[in-house]
Amino acid sequence: MDVPGVSALAARWYTDPAVFEKELERIFARTWQLACHASEVTGRGDYVVCSLGRASCIVVRDRGGTLRAFHNVCRHRAHELLEGRGNRALIACPYHGWSYGLDGALRHAPGSEHVPGFDRGTIRLAELRLEVFCGFVFVNADPRTRPMAAWYPGVEEELRAFVPDIEDLRPARQEAVEEACNWKVSVENYSECYHCRLAHPAFSTGVIDPVSYDVRPQGHCLRHTTRAAASGSRAYSVDGGDATALQYSSWYLWPAVSFQVYPGRILNTYRWQAAGHRAVTVTRGWYSATGECSDALSKLIRQDLETTVAEDIGLVESVQRGLESGAYRPGPLVVNPLGGVMSEHSIAVLHGWLRDALGDGCPARQER
């Protein structure tokens, strides 16, 4: 019996393709998704193509200097318009040559001058909501959505307090890792540290102090807080400064983005891109003032990949195999009302957000 907020979810929530289809429609198409960093689209005509659930979108800076986001779909016969990143004066479809201005308005449709009543002025690319959040570009396909400040109250202010120069940072390295598991398995693993001491010895002794670790909801954010590891066991050196320079902190933004600040004000992002009901790509972004990787940053990235990342892949893929085994029945979550590192209250919160988003139409909802 799966009791909301007490027991883990039934296996079908992670193994049923029909559940995943509902998630694409009711979660990924209605929430804020990280598209790119604003420094990647600084010039007029600069663009980046990114995924938005099953869809693709274009982030582009128009001729007036405004950032815009559009669905990457031609209004004629649905061919995708652009790939990758670059600079264009017009957005032209490679299929039939329809072209659009950087404001999304149709500029030219070959042969349309002979079509009675063809009104070019009524045709535009479908536009998405866009916000720049601490220098990062987020998009949302739901025109009725609340602003990010309402979804994630206080997060922008906290990030600026931890990393005062966050607006000036530049992407230094991206590390994309494929995990053979449902996206929720990966997110849940990230969202609790109940497993850290046993599964992540380097992280637990070289980055954080596990005794002080806690996770608390903050709007649709899970706020991770902890002291840094003791200096004698720290995995890398940390420059002096105020108290925030000696802390590890994380802000997971439902459903698929996280900001992490390592001791020394080192900024890292996670982005979960669900590729199917049992496949997710987790991209870790690392940032620096110049966009270059210092020796210290390179050392931290290498240590992270060789320890925490490698360990997590083994964990989440084992969980997925267990969920698909046919032998799993949901066990109780360890929820301590006082929180702390040995509590899974954050998982109960995630499950509540999931149920709220999917509603009664979720095929797995009747399985308790």
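This report walks through a helix, several salt bridges and a buried serine in a predicted model.

## A kinked helix

Let's begin with α8, the helix that covers residues 295-323 and contains 29 residues. From its first C-alpha to its last, α8 reaches 41 Å, close to the 42 Å expected at 1.5 Å a residue. Along the way there is a kink of about 35 degrees, and Leu305 marks its centre.

## A buried pair between two helices

Side chains of opposite charge can pair when their charged atoms come close. In this model the count of salt bridges comes to 14.

One of them links Lys184 and Glu23, with 2.6 Å between the closest N and O atoms. Lys184 lies in helix α5 (residues 183-190) and Glu23 belongs to helix α2 (residues 17-28), so this salt bridge ties together parts that are 161 residues apart in sequence. What is the relative accessibility of Lys184, and does the residue count as buried or exposed? The value is 4%, and because buried means under 20%, Lys184 counts as buried. Its partner Glu23 is buried too, with a relative accessible area of 0%.

## Salt bridges around Arg160

Our next stop is Arg160, which forms a salt bridge with Glu156, where the closest N and O atoms are 2.8 Å apart. Both residues sit in helix α4 (residues 155-162), and because they are 4 residues apart, about one helical turn separates them.

Arg160 also pairs with Glu167, and here the closest N and O atoms are 2.6 Å apart. How exposed are these side chains? Arg160 has a relative accessibility of 30% and counts as partly exposed. Glu156, at 23%, is partly exposed, and Glu167, at 36%, is likewise partly exposed. Elsewhere, Asp62, Arg68 and Glu127 are joined into one network by salt bridges that share partners.

## A serine in strand β14

Finally, have a look at Ser250, a residue of strand β14 (residues 247-253). Ser250 is buried, with a relative accessible area of 0%. A polar atom of the Ser250 side chain lies 3.5 Å from the backbone oxygen of Phe259.

Which residues does Ser250 contact, leaving aside its neighbours within four places in sequence? They are Tyr190, Leu222, Arg223, His224, Ser258, Phe259 and Gln260. Phe259 therefore appears both in this set of contacts and, through its backbone oxygen, beside the polar side-chain atom of Ser250.

Conventions: Residues numbered from 1 in each chain as written. Predicted model: local features only at pLDDT ≥ 70, side-chain atom pairs only at ≥ 80, totals over all residues. Heavy atoms only, no water. Helix = DSSP H or I, 4+ residues; strand = E, 2+ residues; numbered from the N terminus. Expected span 1.5 Å × (residues − 1). Bend = angle between axes of the 7 residues up to and from the residue. Salt bridge = Lys/Arg side-chain N within 4 Å of Asp/Glu carboxyl O. Buried < 20%, exposed > 50% of the residue type's maximum accessible area, 1.4 Å probe, protein only. Polar contact = N/O pair within 3.5 Å; in protein donor to acceptor, adjacent residues only side chain to side chain. Contact = heavy atoms within 4.5 Å.
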